[in-house]
Amino acid sequence: MLKIKDARVVVTCPGRNFVTLRIETADGLYGLGDATLNGRELAVVSYLADHVIPCLIGRDAHQIEDIWQYLYKGAYWRRGPVTMSAIAAVDMALWDIKAKAANMPLYQLLGGACRTGVMVYGHANGQTMEETVDEALRYQALGYKAIRLQSGVPGLPSTYGVSGDKMFYEPADGALPTENVWSTAKYMRTVPKLFEAARLALGDDVHLLHDVHHRLTPIEAGHLGKSLEPYRPFWLEDATPAENQEAFRLIRQHTTTPLAVGEVFNTIWDCKDLIQNQLIDYIRATVVHAGGITHLRRIANLADLYQVRTGCHGATDLSPVTMAAALHFDLSIPNFGVQEYMRHTAETDAVFPHAYSFKDGYLHPGDAPGLGVDLDEGLAAKYPYSRAFLPVNRLEDGTMYNW
Ligand code: EZ4
Ligand code: CO
């Protein structure tokens, strides 16, 4: 028995907000879990502090599955991003503790390494196509084997996914949501040109990815996928929203471009039909937003039956604790595809010292016991919470947009 003695939530903003759960056992072991939900952080803080932590004290930290079931089924109100991020934080922290108790890096407990490293993709973006291709060349020179391409759209003042700071992209950018303007017609013209230019400049040996951020209808997505086929994209991400999982059937009927979706999913129920009907190729659910390692493993196992691979979300709003958890997970599952990797700032890395490292296009979680991430609480306290939102999107006539 590893009795849970105490747990607390730490909120810090070393350049952006992070919510971290720290669980402590009676014999002095502790574990960390990420609970960051971009733009809705404090809802998860309250969920944990007011409704979860009181139920954890005195439980056996070794009983990870039972505690997961207790929090999921016991709440009565199942699913949803707030609930599932809170459960994920508990789950990550308990796996961290168990692996520390075993004196092993977590991936060993999950079955051991299936590969020597985790292939990651970086974000190349620019206001113009030329700038984006230059950025992509820079990523290629850094050793990246896979690169996401996002470019500004001529005629639109700003585009989501295109940052001011090249190496440290931050999706949440305002104390109130900023507003972007969108035109599907203008966008649809630019992406195939970008991919054509990128293939010419980068050659055939690099994987190219693109994120639509849920902006297209299924038939528009089918058209875009088809027009990208000559440039052999690794995937087209979030081509249309997936509340209606059947929507992907229409995209599939029109293109062989591989499809990825799911960074906003929080349970296996969000992707069950997509996977079972083989409507997608990559599932992007993540440790932090999809109920932790315990639940993501269930999703990945289902996906494996249908030849669907993982491509976990890994933007900067997922803390180094999630990044570490994802890497242990990625290393240990048979149907890993690719891992998103946006570098954190030096301030964030200092608050969360970690054992994972990048080399030649691959990340490795390192061999420290547990997740291999720590939290410098003294330093964290120097960065108080600062409200920030993801941007909203409007059409040129002012209509609130995003299907
Ligand atoms: O919009 O992380 O693929 N990555 C993305 C990200 C997400 C943000 C949301 O918090 O789409 O930029
Ligand atoms: Co995305």
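User: Which residues does UniProt list for "domain: Mandelate racemase/muconate lactonizing enzyme C-terminal"?
Analyst: The name comes from an unreviewed UniProt entry. Such annotations may be inferred rather than shown by experiment, names are shortened, and positions follow the numbering used here. The span listed is residues 129-258.

This is a predicted model, where local features need pLDDT of at least 70, side-chain atom pairs count only at pLDDT 80 or more, and totals for chains, interfaces and linings use all residues. Residues are numbered from 1 along each chain as written, ligands are numbered from 1 in the order written, and side-chain values use heavy atoms, without hydrogens and water.

User: Which residues come nearest to ligand 1?
Analyst: A residue counts as near if one of its heavy atoms lies within 4 Å. Around ligand 1 there are 15 residues. Those that come nearest are Asn-38, Tyr-160, Asp-211, Glu-263 and Asp-317.

User: How far is a polar side-chain atom of Asp-317 from an oxygen atom of ligand 1?
Analyst: A polar contact is a pair of N or O atoms within 3.5 Å. Asp-211 makes one at 3.0 Å, and Arg-284 makes one at 3.1 Å. For Asp-317, the distance is 2.6 Å.

User: How many charged residues are in the shell around ligand 1?
Analyst: Asp, Glu, Lys and Arg count as charged. The shell also has five nonpolar and three polar residues. The charged ones number seven.

Notes: Polar contact = N/O pair within 3.5 Å; in protein donor to acceptor, adjacent residues only side chain to side chain.
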